[in-house]
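Please take a first look at this protein. The report below walks through its layout.

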Amino acid sequence: MRYFAKQQGQKEAAPVDLEPLGNDQYRITVGGTTYQVDALALEHGTLSMLVDGQSYNVEFEENGDEVGVLLRGQVNRFDVADERRLRLRAANAAFSVEGKQLVTAPMPGKVVKVLVSVGDEVKEGQGLVVVEAMKMENELKSPKAGKVTELFAKEGTAVENNAKLVVVE
């Protein structure tokens, strides 16, 4: 099965080919590089993965087409679409990030640093807020170039999952 994944802050989606081999094993090709993966599902959306002999614990959180991936203490957000959905998006020209964008907390935690102020001009992929969750710091980045119009995050405050942090227009 072919998917297209675009990491938050990137302009282009990369093709991801997923081929099940049976017995929890897969062949995954990302941008022309192929990996042999042995994946075992654990509790709460966590996978124990062996990728070309390297062991990883990976946590996933899905929100529609957006997937949050916690790997090695870093949360990355990806927009994932299969070929059918990508064609539908192209027909609707909705794959690029436009309009008012709300940046939310990927999981419960504490705001340890606010990197912007209301009125600041930001670039796509620029850091906005740093949230500490599960003893790891995650820099949340701007999904588009624009202006910070609202700022809900305050250093030192606790936030819940999906709490509003920053609005970029």
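What follows is a short tour, from the whole chain down to single residues.

## Overall build

This is a predicted model. The protein holds 1 helix and 16 strands. Its radius of gyration is 17 Å, close to the 15 Å that the globule rule gives for 169 residues, so the protein is as compact as a globular protein of that length.

Along the principal axes, the C-alpha trace spans about 50 × 40 × 20 Å. Some contacts reach a long way along the chain. Take the contacts between residues at least 6 apart in sequence: 43% of them join residues at least 24 apart.

## Surface and charge

How much of the protein is buried? Buried residues account for 32% of the 169 residues. The accessible surface comes to about 10,200 Å². Carbon and sulfur atoms own 48% of that surface.

The protein carries 20 positive and 26 negative charges. The mean positions of these two sets lie 5 Å apart.

## The sheet from β9 to β11

One open sheet has 4 strands. Their order is β9-β16-β14-β11, and the pairing is antiparallel. Which strands stand at the edges? They are β9, residues 101-104, and β11, residues 121-122. Each has a single partner strand, so one side of each is left without a neighbour in the sheet.

The partner of β9 is worth following. β9 pairs with β16, residues 164-168, in the antiparallel sense over 4 bridges. Two of the residue pairs can be named. Val103 has Val166 of β16 as its bridge partner. Leu102 stands opposite Val167, also in β16.

## Two faces of β9

In a regular strand the side chains alternate between the two faces of the sheet. The faces of β9 can be listed by residue. Gln101 and Val103 make up the covered face. Leu102 and Thr104 make up the uncovered face. The two residues paired above therefore fall on opposite lists: Val103 is on the covered face and Leu102 on the uncovered one.

## The sheet from β13 to β15

A second group of 4 strands also forms an open sheet. Here the order is β13-β12-β10-β15, again with antiparallel pairing. The edge strands are β13, residues 136-141, and β15; each of them pairs on one side only.

β10, residues 109-114, has two partners to look at. With β15, residues 158-159, β10 runs antiparallel and is joined by 2 bridges. In that pairing Gly109 stands opposite Val159. With β12, residues 127-133, β10 is joined by 4 bridges and again runs antiparallel. Here Lys113 has Val130 as its bridge partner, and Val111 stands opposite Val131.

## Loops with a positive phi

Most residues other than glycine have a negative phi, and most peptide bonds are trans. Against that background, two asparagines deserve a look. Asn23 has a phi near 55°, a positive value. Asn23 sits in the loop between β2, residues 14-22, and β3, residues 25-30. Is Asn23 buried or exposed? Asn23 is exposed, with a relative accessible area of 74%.

Asn162 has a phi near 65°, also a positive value. Its place is the loop between β15 and β16. Asn162 counts as partly exposed, at 42% relative accessibility.

## A buried proline and a helix leucine

Pro143 lies in the loop between β13 and β14, residues 146-151. Its relative accessibility is 9%; that is under the 20% cut-off, so Pro143 counts as buried. What separates Pro143 from Glu124 in space? They are 19 residues apart along the chain, yet their C-alpha atoms are separated by 5.5 Å.

Leu88 lies in helix α1, residues 83-92. With 42% relative accessibility, Leu88 counts as partly exposed. Leu71 is 17 residues away along the chain, and the C-alpha atoms of Leu88 and Leu71 are separated by 30 Å.

Definitions and conventions. Residues are numbered from 1 along each chain as its sequence is written. This is a predicted model: local features need pLDDT of at least 70, side-chain atom pairs count only at pLDDT 80 or more; totals for chains, interfaces and linings use all residues. Side-chain values use heavy atoms; hydrogens and water are left out. The radius of gyration is taken over C-alpha atoms; the globule rule is 2.2 Å times the number of residues to the power 0.38. Buried means under 20% relative accessible area, exposed over 50%, partly exposed in between (1.4 Å probe, protein chains only). Contact means heavy atoms within 4.5 Å. Accessible areas come from the Shrake-Rupley method with a 1.4 Å probe; for residues, only the protein chains shown count as cover. Lys and Arg count as positive and Asp and Glu as negative; His and the chain ends are not counted. The place of a charge is taken as NZ of Lys, CZ of Arg, CG of Asp or CD of Glu. Two strands pair if DSSP finds at least two bridges between them.
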